[in-house]
Each structure stands twice: as structure tokens, then as C-alpha cells.
Amino acid sequence: MEQNLKLYMVLLGCTPKGRLTEQHDIFFGIGTSVQELVPQMYNFWPDGGQLHIDAWREITQVGDYAVSIAPHREVQQEQKLFFINLGGYKAGDFEEYHYKTLIAANTMGEAVKAAKQSAFYKHYNLKGGGESHVDDKFALDADDLHNVQDVLPENVRRQYSIILTQATAKQEDELHIGYTKIGKKP
């Protein structure tokens, strides 16, 4: 097994040609560093212009589960890693706010239940048209969750598996927040 491979979650941003505001998307990749993943980021968002990073996280633990990377194999584990992008509103604000979260759960249904317990879901929930939701739906729907293993670049999915094991201690991943220029498309 290759040493020091990590799972990364990256908030990419750019202002595509013809757009008035900066756009964002989440990229998941496996490598030894965020910088190593830049070519994959441009493949993920090929028409994005010049990309930058607004935030990133080396995913080492989610809830009570340690996250590691192993050579690809059919993994028989109950827990899966889910990514959820909740959308919500505040009265009087001309904006949709988002909350991106990772949840370790056996099923999408369990991940939905956990997401509904988040402070974001409870506080950015305007009744009568501004309910908190997973983007593209007006209600939290299990079809809008993503198993992180399934959204990795195809060649990475074939090479590596995400492994979740019970953690021995509670630890929070460091969030790297702030604009980072990553250069032009390689």
C-alpha cells in the first residue's frame, strides 16, 4: 500500500466566463497533498476558468469513525461516508446559505436522520417556501445524498477504497479556510 494517502474534501471556486458571481463546488480526492490533486480538480471542473480553493480538509475522522485509504477491494463494512449539502434561508436575506457535512452511517436513511439533527437544518428553515433542503429538492430526500466513494474521480475509485473503522479517541479535522490560488490549468 502506498504510504500517506489521505482523503481530501476541497471547496473549489471560480468565476466562469459569462457569470456575474463566483461559483463553488466540492471536490473529493485521494493523494498525499492537496497540491498533488490540482490536475484532478481541473479535470473535475474543466470549464471553470482559473480555479482557487476557498477551504479544504484532510478527512481523518467523521463522527466516531477513523477514515483511511486502502487499495481498492470489495469492502464489506457497514458504515459508509456520506456527503450532504444542505440549503437554507434567513428571513430578509436575498441569499441561499449552505451547510456541507460528512456523515458516517449504515444507510442513506440514517444519514438523512442525522442531517435533520444539525443546527443548520433547525435554524435555516423558513416555513412557507424557505424550508431547509438538500439542493435540487424542497425536502430532505435520501436521493440527494452522495456516497463519497461514488463521487471520487473514476480512476481513483478503481484504485482505492475509503475505509471506516471505530475511532479510539474523538478528534476534529483541521479546517483550512481562506482563499488559496492554485494556478492555471496544467
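**Exercise 1. The aromatic pairs**

Is Trp56 buried, partly exposed or exposed? Settle this for the predicted model, and then describe the aromatic pairs in which Trp56 and Phe28 take part.

*Solution.* Begin with accessibility: Trp56 has a relative accessibility of 24% and therefore counts as partly exposed, since the buried class is reserved for values under 20% and the exposed class for values over 50%.

Next, consider the rings. A pair of aromatic rings is described by the distance of the centres and the angle of the planes. The count of aromatic pairs comes to 3. One of them joins Tyr8 and Trp56, with 5.9 Å from centre to centre and 55° between the planes, and this pair is tilted. Tyr8 belongs to strand S1 (residues 6–14) and Trp56 to strand S3 (residues 52–59), so that the pair links distant parts of the chain, 48 residues apart. Tyr8, with a relative accessible area of 3%, is buried, whereas Trp56 is partly exposed.

Then turn to Phe28 and Phe83, whose ring centres lie 5.4 Å apart and whose planes meet at 70°, so this pair is edge-to-face. Because Phe28 sits in strand S2 (residues 23–31) and Phe83 in strand S6, the pair ties together parts of the chain that are 55 residues apart in sequence. Phe28 is buried at 4% relative accessibility, and Phe83 is buried at 8%.

**Exercise 2. The surroundings of His52**

Work out where His52 is placed, and which side chains make polar contacts with the side chain of His52.

*Solution.* The first step is location: His52 is found in strand S3. The second step is accessibility, and with a relative accessible area of 5% His52 is buried.

The third step is to identify the polar partners. The side chain of His52 is joined to that of Glu22 by a polar contact of 3.1 Å, and to that of Asp54 by a polar contact of 3.0 Å. Finally, with residues up to four places away in sequence left out, the residues that His52 touches include Leu11, Leu12, Gly13 and Cys14, as well as Glu22, Tyr179 and Thr180.

**Exercise 3. A buried loop residue**

Describe the position of Gln79, and decide whether Gln79 is buried or exposed.

*Solution.* Start from the secondary structure: Gln79 lies in the loop between strand S5 (65–71) and strand S6 (80–88). The relative accessibility of Gln79 is 13%, so Gln79 counts as buried.

Now examine the side chain, which makes a polar contact of 2.7 Å with the side chain of Asn106 and another of 3.4 Å with the side chain of Tyr65. Once neighbours within four places in sequence are set aside, the contacts of Gln79 are with Tyr65, Ala104, Ala105, Asn106 and Leu164.

**Exercise 4. The largest pocket**

Establish the volume of the largest pocket, and which strand supplies the largest share of its lining.

*Solution.* The volume of the largest pocket is about 640 Å³. Its lining consists of 24 residues, and those nearest the centre are Met9, Arg57, Lys100, Thr101 and Leu175.

To trace the lining back to the strands, note that S1, S3, strand S4 (61–62), strand S7 (97–105) and strand S11 (175–181) each contribute at least two residues; the largest share, 6 residues, is that of S7. Sorted by class, the lining comprises 12 nonpolar, 5 polar and 7 charged residues.

**Exercise 5. The chain as a whole**

Determine how many helices and strands the chain has, and what share of its residues counts as buried.

*Solution.* The chain has 5 helices and 11 strands. Among its 186 residues, 41% count as buried. As a last step, take the contacts with a separation of 6 or more: residues 24 or more positions apart account for 68% of them.

Notes
Residues are numbered from 1 along each chain as its sequence is written. This is a predicted model: local features need pLDDT of at least 70, side-chain atom pairs count only at pLDDT 80 or more; totals for chains, interfaces and linings use all residues. Side-chain values use heavy atoms; hydrogens and water are left out. Helices (H or I, at least four residues) and strands (E, at least two) are DSSP runs, numbered from the N terminus. Buried means under 20% relative accessible area, exposed over 50%, partly exposed in between (1.4 Å probe, protein chains only). A polar contact is a pair of N or O atoms within 3.5 Å; within protein, one must be able to donate a hydrogen and the other to accept it, and residues adjacent in sequence count only if both atoms are side-chain atoms. Contact means heavy atoms within 4.5 Å. Rings of Phe, Tyr and Trp (its six-membered ring) pair if their centres lie within 6.5 Å; planes under 30 degrees apart count as stacked, over 60 as edge-to-face and the rest as tilted. On a 1 Å grid over the protein atoms alone, a cavity is a set of points where a 1.4 Å probe fits but cannot get out, and a pocket is an open set with protein on both sides within 12 Å along at least five of seven lines; lining residues have an atom within 4 Å of a point. Grid points are joined across faces, edges and corners, and a volume is the space filled by probe spheres set on the points. Ala, Val, Leu, Ile, Met, Phe, Trp, Tyr, Cys and Pro count as nonpolar, Asp, Glu, Lys and Arg as charged, and the others, Gly among them, as polar.
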